Amino acid sequence: QWLSDRKKRALQKKDVDIRRRIELIQDFEMPTVSTKIKVSRDGQYIMAVGTYKPRVRCFDTYQLSQKFERCLDSEVVTFEILSDDYSKIVFLQCGRFVEFHSQHGHYYRTRIPKFGRDFSYHYPSCDLYFVGASSEVYRLNLEQGRFLNSLQTEASESNVCDINPVHFLFAMGTAEGKVECWDPRTRNRVGLLDCALSSVTADTEIEGLPSISALKFDGALNMAVGTSTGQVLLYDLRSSNPLIVKDHHYGLPIKSVQFQHQLDLIISADSRIIKMWNKDTGKIFTSMEPEHDINDVCLYPNSGMLMTANEAPKMNIYYIPVLGPAPKWCSFLDNLTEELEENPESTVYDDYKFVTRKDLENLGLAHLIGSSLLRAYMHGFFMDIRLYHKAKMMANPFAYEEYRREKIRQKIEETRAQRVQLKKLPKVNKELALKLIEEEGEEQQISRKRKQKNLPSLLKDDRFKVMFENPDFQVDEQSEEFRLLNPLVSKISEKRKRKLKMLEELEAQGQEEEEEPEGKASDAESSESSDDEKGWVEEVRKQRKLLRQEEKLKRQERLKEDQQTLLKPQFFEIKEGEEFRSFKDSAKKQKLMKKTLEDRLKLEEKLGTLNVSDTTVGSKQATFKLKKSEQQRKQQEAEKRHRQERKTLRRSASHLKSRRGRGRLFH
């Protein structure tokens with residue numbers, strides 16, 4: 001709807017669903033909300049009023065487009081087309097104004113004494129009858145152009161009115177739930193109907209007194225009345241009792257009532273649903289639930305077309321072929337509907353209540369399962385609403401007492417919530433949590449003074465959640481590291497332990513938390529700080545003494561255990577490729593491993609396995625000789641001996657040769 005015309009055309013080429021859509025009247029919408037919609041008597045013009053800004057739009061059905069638009073000074077409560085076309089229109093506005101429009105536009109404007117809610121036009125006398133927030137019915141004669149004597153009624157306020165098109169009987173619906181009928185000729189009341197009393201039956205549930213919200217005549221004798229609690233009553237004017245009472249079961253005021261003569265249907269609508277039902281039997285024909293709330297319903301005369309004004313910009317148009325043919329300006333709809341394949345399925349369960357098996361057991365109706373009184377559907381059953389109400393009243397006659405007890409309990413819970421809440425500490429690391437809460441309170445005070453943002457708390461952070469839930473993360477206060485790193489922990493922990501004890505007592509007793517004592521003077525705080533410094537030194541000394549004593553006790557315990565235990569021989573396995581010489585070598589190795597890297601490097605430098613030399617750049621260069629294993633050493637020694645033996649053999653051979661040569665010479 002926010003796209004331009006060019007983009008809409010481009011979409012129609014691509015999207016098949018958009019191409020199949022039918023736009024009967026171009027731009028049949030309001031800027032924000034449409035409140036009322038009507039059709040002229042000749043059927044050519046459809047007029048609608050809405051907001052925002054307050055305006056009236058007229059659509060020409062022959063051209064299938066908007067004819068004109070007029071903006072108004074205030075919102076329209078209702079309007080009436082007096083002529084066959086759009087040339088004479090009367091608007092009742094919310095500011096007590098009555099505005100008359102002619103074909104060219106605004107014609108005249110006047111004001112009524114009280115706020116109006118509805119009006120009707122009496123054609124024989126040219127009188128307008130206005131009802132509203134008053135006991136009087138104001139009459140404005142359009143021929144003489146002046147107000148006539150008003151009709152004085154018994155009602156405090158009136159909501160709706162209508163004039164019978166056959167004998168011109170004037171009827172008005174009051175806020176007290178009554179319908180008063182007046183004769184315009186004698187200006188006397190000729191009848192009174194108590195619709196509020198008649199609308200309450202054994203099948204209906206209502207809250208408060210029903211007032212009249214809709215009224216419509218049909219022919220000379222029939223009249224339909226809609227109440228603010230969602231009931232529609234059909235009357236014969238010759239009887240004070242309704243012929244039929246139809247409940248919408250939503251508890252919403254009836255907005256509109258229309259008569260459909262071809263199928264003898266009544267079309268009633270509240271803000272949520274439009275229902276069509278037979279006026280003789282009350283049997284549901286069909287129902288429609290639009291996406292948005294309904295403000296008004298208009299039935300196009302002598303056709304199956306229905307138009308609605310909604311709490312949305314778009315005004316909906318529905319065509320139901322069963323109700324009648326399409327209007328002559330859109331007769332192509334009949335051809336389209338004939339081509340559509342329809343599979344009628346009865347999916348509407350009106351006047352029925354859905355109950356589960358558990359609900360039936362509670363009501364004592366479990367024995368009805370399988371009978372014609374229950375219709376199985378999904379995980380439960382549909383049963384007649386009248387049977388349900390009767391069974392509920394019999395099964396639970398003290399429902400009001402239960403409701404009253406529940407309300408009292410809710411009030412008590414609300415007052416409890418206003419009390420001072422106790423601080424709930426976690427099960428793990430309670431003292432740490434208390435410390436964090438105290439620090440958080442101090443930081444909040446500082447941030448308030450400096451007008452800074454508060455930092456997030458560790459207790460509320462999900463990353464540190466496990467620290468206060470898992471017992472593996474419990475802080476061991478008896479460990480040596482904790483006691484040395486936290487010398488003042490004993491003093492602070494004593495205060496916290498006292499506070500913890502107090503909180504636990506309060507939780508056990510269910511009492512409210514006591515207020516904290518007021519702060520001390522600045523001199524007292526300075527003296528406390530100096531005492532804390534002295535106490536810190538003393539505490540450190542005490543902790544060290546305690547640690548020494550604990551170590552002595554542990555040594556003594558170890559000695560006792562050593563004396564008590566008997567020494568047993570231990571056997572050791574030698575690794576492959578190694579020879580056992582003595583325990584001294586292993587002791588030397590252990591000593592060497594305990595030494596620092598610096599000492600080991602110095603020792604290796606003396607032994608000649610490491611050579612450290614300075615480079616030209618200024619850094620140091622270290623070269624290592626890897627230690628050889630026993631097998632490698634033996635192999636090298638054997639090779640060395642073999643080389644020496646070969647050397648000696650070569651020397652002896654060369655010596656013998658030289659001696660033989662000399663002997664030949666001498667010989």
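Two strands count as paired if DSSP finds at least two bridges between them. The strands themselves (E, at least two residues) and the helices (H or I, at least four) are DSSP runs, numbered from the N terminus. With that in hand, let's look around this predicted model, where local features need pLDDT of at least 70, side-chain atom pairs count only at pLDDT 80 or more, and totals for chains, interfaces and linings use all residues. Residues are numbered from 1 along each chain as its sequence is written, and side-chain values use heavy atoms, leaving out hydrogens and water.

Here are two strand pairs to find first.

| Strand pair | Sense | Bridges |
|---|---|---|
| β1 (residues 33-39) and β2 (residues 45-51) | antiparallel | 6 bridges |
| β17 and β18 (residues 222-227) | antiparallel | 6 bridges |

In the β1 and β2 pair, Val33 has Thr51 in β2 as its bridge partner. These two strands make a hairpin with 5 residues between them, and Gly43 in the turn shows a positive phi of about 80 degrees.

As for β17, Lys216 sits opposite Ala224 in β18. There's an open sheet of 4 strands here, in the order β17-β18-β19-β20, with antiparallel pairing. Since β17 (212-218) and β20 (244-247) each have a single partner strand, they stand at the edges, so one side of each has no neighbour in the sheet.

Now over to Phe332, which belongs to helix α4 (residues 332-339). Its relative accessibility is 35%, so Phe332 counts as partly exposed, a class lying between buried (under 20% relative accessible area) and exposed (over 50%), with a 1.4 Å probe and protein chains only.
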